[in-house]
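User: Hi! I'm new to reading protein structures, and I'd like to go through this one by asking questions. Could you walk me through it?

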Amino acid sequence: MQTQTRDGRAWTPDYLLAIDARVCIGCGRCYKVCGRGVMTLMGVTDEDELVDPDEDDIERKVMALVDAGACIGCGACARVCPTNCQRHGAA
């Protein structure tokens, strides 16, 4: 879906579709640049299940997609991600 910027230039949104928990390091950079509540920090168990980050038996923390519908496709999260763990595309 192509749309336009305010001054009429063509622009195609690139929505956040998924975050690969095996690659994400949980740095939170994407969370900090997104003002829309699209992602949140989650814990990962040794069985690779996403759980509350305050659980006692987590292996590590990662970012997780929690409100895909709030994404406007700006791509800011992709630009700051040091591990390229996100998948973007058309909705």
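**A walk through the fold**

Analyst: Sure! Reading along the sequence, you'll meet the pattern β-β-β-α-β-β-β-α-β. Keep in mind that this is a predicted model.

User: How many helices and strands does the protein have?

Analyst: Go back to the pattern β-β-β-α-β-β-β-α-β, where each α stands for a helix and each β for a strand. Tallying up the symbols gives two helices and seven strands.

User: What box do the C-alpha atoms fill?

Analyst: The box here is taken along the principal axes of the protein. Its sides come to roughly 50 × 20 × 20 Å.

User: What share of the residues count as buried?

Analyst: To count as buried, a residue needs a relative accessible area under 20%. The protein has 91 residues, and the share that counts as buried is 33%.

User: Which strand gives the most to the largest nonpolar core?

Analyst: As a background idea, nonpolar side chains tend to be buried together in soluble globular proteins. Here the largest nonpolar core has 15 residues, and L16, I19, C24, V38, M39 and M63 touch the most other members. At least two residues of this core come from each of strand 3 (15-19), strand 4 and strand 6 (60-65). The one giving the most, with three residues, is strand 3.

User: Is M63 buried or exposed?

Analyst: M63 is found in strand 6. Leaving aside neighbours within four places in sequence, M63 is in contact with I19, C24, G26, G28, C30, Y31, M39, T40 and L41. The cut-off for buried is under 20% relative accessible area. M63 has 4% relative accessibility, so it counts as buried.

User: How far apart in space are M63 and M42, C-alpha to C-alpha?

Analyst: Along the sequence, M63 and M42 are 21 residues apart. In space, C-alpha to C-alpha, the separation is 5.9 Å.

User: Which residues does M39 touch, not counting residues up to four places away in sequence?

Analyst: M39 belongs to the largest nonpolar core and is among the residues that touch the most other members. With residues up to four places away in sequence set aside, the list for M39 is L16, I19, C30, Y31, C34, M63, A64, V66, C77 and Q86.

User: What is the volume of the largest cavity?

Analyst: Rolling a probe the size of a water molecule over the atoms shows where empty space is left. Searching the whole structure turns up one cavity of 30 Å³ or more. The volume of the largest cavity is about 60 Å³.

User: Which lining residues are closest to the centre of the largest cavity?

Analyst: The largest cavity is lined by 14 residues. By type, they divide into nine nonpolar, four polar and one charged. Closest to the centre are C24, C27, C30, C81 and P82.

User: How far apart are the C-alpha atoms of G89 and Y15?

Analyst: G89 sits in strand 7 (residues 86-89), and it is buried, with a relative accessible area of 12%. Not counting residues up to four places away in sequence, G89 touches P13, D14, Y15 and L17. Along the chain, G89 and Y15 are 74 residues apart, yet their C-alpha atoms are separated by 5.2 Å.

User: Is T45 buried or exposed?

Analyst: T45 is found in the loop between strand 4 (39-44) and strand 5 (50-51). Not counting residues up to four places away in sequence, T45 touches V51, D57 and E59. Its relative accessible area is 8%, so T45 is buried.

User: And D48: is that residue buried or exposed?

Analyst: D48 has its place in the loop between strand 4 and strand 5. The cut-off for exposed is over 50% relative accessible area. With a value of 61%, D48 is exposed.

User: What is phi of N84?

Analyst: Most residues other than glycine have a negative phi. N84 lies in the loop between helix 2 (76-80) and strand 7, and N84 is exposed, with a relative accessible area of 64%. N84 is a residue other than glycine with a positive phi, near 55 degrees.

Technical notes: Residues are numbered from 1 along each chain as its sequence is written. This is a predicted model: local features need pLDDT of at least 70, side-chain atom pairs count only at pLDDT 80 or more; totals for chains, interfaces and linings use all residues. Side-chain values use heavy atoms; hydrogens and water are left out. Helices (H or I, at least four residues) and strands (E, at least two) are DSSP runs, numbered from the N terminus. Buried means under 20% relative accessible area, exposed over 50%, partly exposed in between (1.4 Å probe, protein chains only). Contact means heavy atoms within 4.5 Å. On a 1 Å grid over the protein atoms alone, a cavity is a set of points where a 1.4 Å probe fits but cannot get out, and a pocket is an open set with protein on both sides within 12 Å along at least five of seven lines; lining residues have an atom within 4 Å of a point. Grid points are joined across faces, edges and corners, and a volume is the space filled by probe spheres set on the points. Ala, Val, Leu, Ile, Met, Phe, Trp, Tyr, Cys and Pro count as nonpolar, Asp, Glu, Lys and Arg as charged, and the others, Gly among them, as polar. A nonpolar core is a set of buried Ala, Val, Leu, Ile, Met, Phe, Trp, Tyr and Cys residues joined through side-chain atoms within 4.5 Å.
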